[in-house]
Each structure stands twice: as C-alpha cells, then as structure tokens.
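Here are a few short exercises to work through with the model open in your viewer. Try each one before reading its solution.

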Amino acid sequence: MAGWTMGTGARLSPSCVPGTWIGEACVPSSRRPWSRSPALSCVWPSTPRIPPTSQVVWLPEPGHSHRFQVLSVATDGKVLLWRGIGAGQLQLTEGFALVMQQLPRSTKLKKHPRGETEVGATAVAFSSFDPRLFILGTEGGFPLKCSLAAGEAALTRMPSSVPLRAPAQFTFSPHGGPIYSVSCSPFHRNLFLSAGTDGHVHLYSMLQAPPLTSLQLSLKYLFAVRWSPVRPLVFAAASGEGDVQLFDFQKSSQKPTVLIKQTQDESPVYCLEFNSQQTQLLAAGDAQGTVKVWQLSTEFMEQGPREAEDLDRLAAEVAT
C-alpha cells in the first residue's frame, strides 16, 4: 500500500508491528514554509536579562471555553501566565516564583550556596483531575506540587509587572540531577512520572515524598517521559542513548517491554508525544533533527480488564 507525504523528507506507510517506524520528517534548515513573524508575542516585564524558557503549555481560560492562556516556566524560577489581548500580543496576567526559603520541607534537600534563592523550573505538567494543580521539575532534581490558587506572596526581589506568588505546596524526594520531563497520569489523580539527567524515571504519589519506584532506564540522560493516553499502566521514555522505551507495569516492574532504536549512531532522543486522537501513533524527535512516527500494536492500545484496579493498587503502595 502506498504511503503519503507529510512534507520535506517525510513519508508514511501502514504497519501493525509493535514499535514499527511509519514516518519521518526532517526539519528543513533553509526553506521556511511558515510565517517569519509570530502570531502572538510576549510582553516581558522589565528585567535585566530574559531567562531561558523551559516549557510552555496551553490552558483554557476559566469561564471562557473559546479563549486561551499560555503558561511558561523558566530557569529563573518564574512561572508566568499569559493571555492573548489581540494586536498580536500576549499580556502577563499572573505570576509565581520559586524561592528556596519558601519550599515546603517535606523532604531533605541539598543546601544551596548563600545568596542563591531562586529555584530554576525545567518542566511542567498539569493534573487531568484538577485544573489548578501542576507538577514542576527543577534544576535541583526535586519535583514540586504547585497550585495556581496559591495566595502567599513570593519572597523575591525579581522584577515583575504583576505580583508574584509562591505556588509550591509539597516537595518530593530528588533525582540525582536536574529533571527534564514530568507527566501526570490521565487515569489517577495522585500519580505522576519524572525523568532526568540521572537516567531514572521516578513514579511518585502526590501523597508522599519518596518515589513509589525508581527505574534506571538509561546510563545517560532521559529527556522525556509521557503516560499513555489509553493504557493506565503504560508510559514511554526518550533516552540519551538514541532509543524510545515503552514500559508496561502489567508485564514488568523493572524493565521496558519494547525498546525502539530511533537513531543508529545513538544520538539522543529529545522529545516524544502520544497522539491522543489516533492512539496507535507515537512521535519522537532526536538530535539529528528528525521526527519519527511509530505505530504501536494493539497491546499498547487496549486496556486490560483489571488494569485500572492494578493502577489503584500501585498508587496505594508505600515507598520503602
């Protein structure tokens, strides 16, 4: 059966084998079929240096289903909420700041040098059950449970055109290095995953600081982790060794079910996303500038009869 073209260097063909490559897209470096000007741009508050933005997510504006907000997290510890105001601009409407002295002392953290108060944010994921609740990954390696409803003022002198609040409600036990990715379970309100430079994926319950389990999936960095949108006990991870790993807790609690070699030279896989509409598709992007689309077999698409109960039991475990 003939495939179809997605764009420069891209072609798709059907497949039903677990982890089979069905498409590739190479990002062009010279031709630009998109607009050179953004549809919207941010108006940053006065600051001597604009920090790197780690991640952005779309959020619906409360009470207005047709309006949107953009939340950004940055390495200076700021979490900012932007709203489109027309004329091609985003307006800053709310702000939060992570300050070391205000972090909940629910776990022991490494002592920061004197004068270093801001906590850099590296990743964000929102709860599927509470639109105000989100998890932040940090440069210090510890995840934070945070809330948009937080009211306490942030103890910071960072310049901002809006008042900055302290969002952190709970601090989780850290990884061995910075976190690159977090993902909240779409099937359980208390579970989330984190992945980082120590090559581990941690499964946490929001009710306790230590992880329920820690899985070493790579000897190098892990750059991304995502829960499956259709299988409660399945997640995928992208590694610095050039592979995409599919993990199924129903089959093993220690090793991946499928390991897909994305890059032949073991260059890193930096990002991946499940398709929530066409749930058999998983896209991954790597250091070679290539996006590959993988078609998953039915075992990764069909929920088992006791899978939800198994997830509940996993969430009820106490970390040792």
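**Exercise 1.** Which residue in β9 does Leu136 stand opposite?

*Solution.* A quick note on ground rules: this is a predicted model, where local features need pLDDT of at least 70, side-chain atom pairs count only at pLDDT 80 or more, and totals for chains, interfaces and linings use all residues. Residues are numbered from 1 along each chain as its sequence is written, and side-chain values use heavy atoms, with hydrogens and water left out.

Step 1: find the strands, which are DSSP runs of E with at least two residues, numbered from the N terminus. β9 covers residues 144–147.
Step 2: check the pairing, which takes at least two DSSP bridges between two strands. β8 and β9 run antiparallel, joined by 4 bridges.
Step 3: read off the partner: Leu136 faces Leu144.
Step 4: look at the connection. This hairpin leaves 5 residues between the strands, and Gly141 in the turn has a positive phi of about 90 degrees.

**Exercise 2.** Work out how β7 sits against β8.

*Solution.* Step 1: β7 spans residues 121–126 and pairs with β8 in the antiparallel sense over 5 bridges.
Step 2: Phe126 is found opposite Phe134 of β8.
Step 3: these two strands also make a hairpin, with 6 residues between them.

**Exercise 3.** Is β8 buried or exposed?

*Solution.* Step 1: buried means under 20% relative accessible area and exposed over 50%, with partly exposed in between (1.4 Å probe, protein chains only).
Step 2: sort the side chains. Leu133, Ile135 and Gly137 point one way, Phe134, Leu136 and Thr138 the other, and all are buried.
Step 3: conclude. Since 6 of the 6 residues in 133–138 are buried, β8 is largely enclosed by the rest of the structure.
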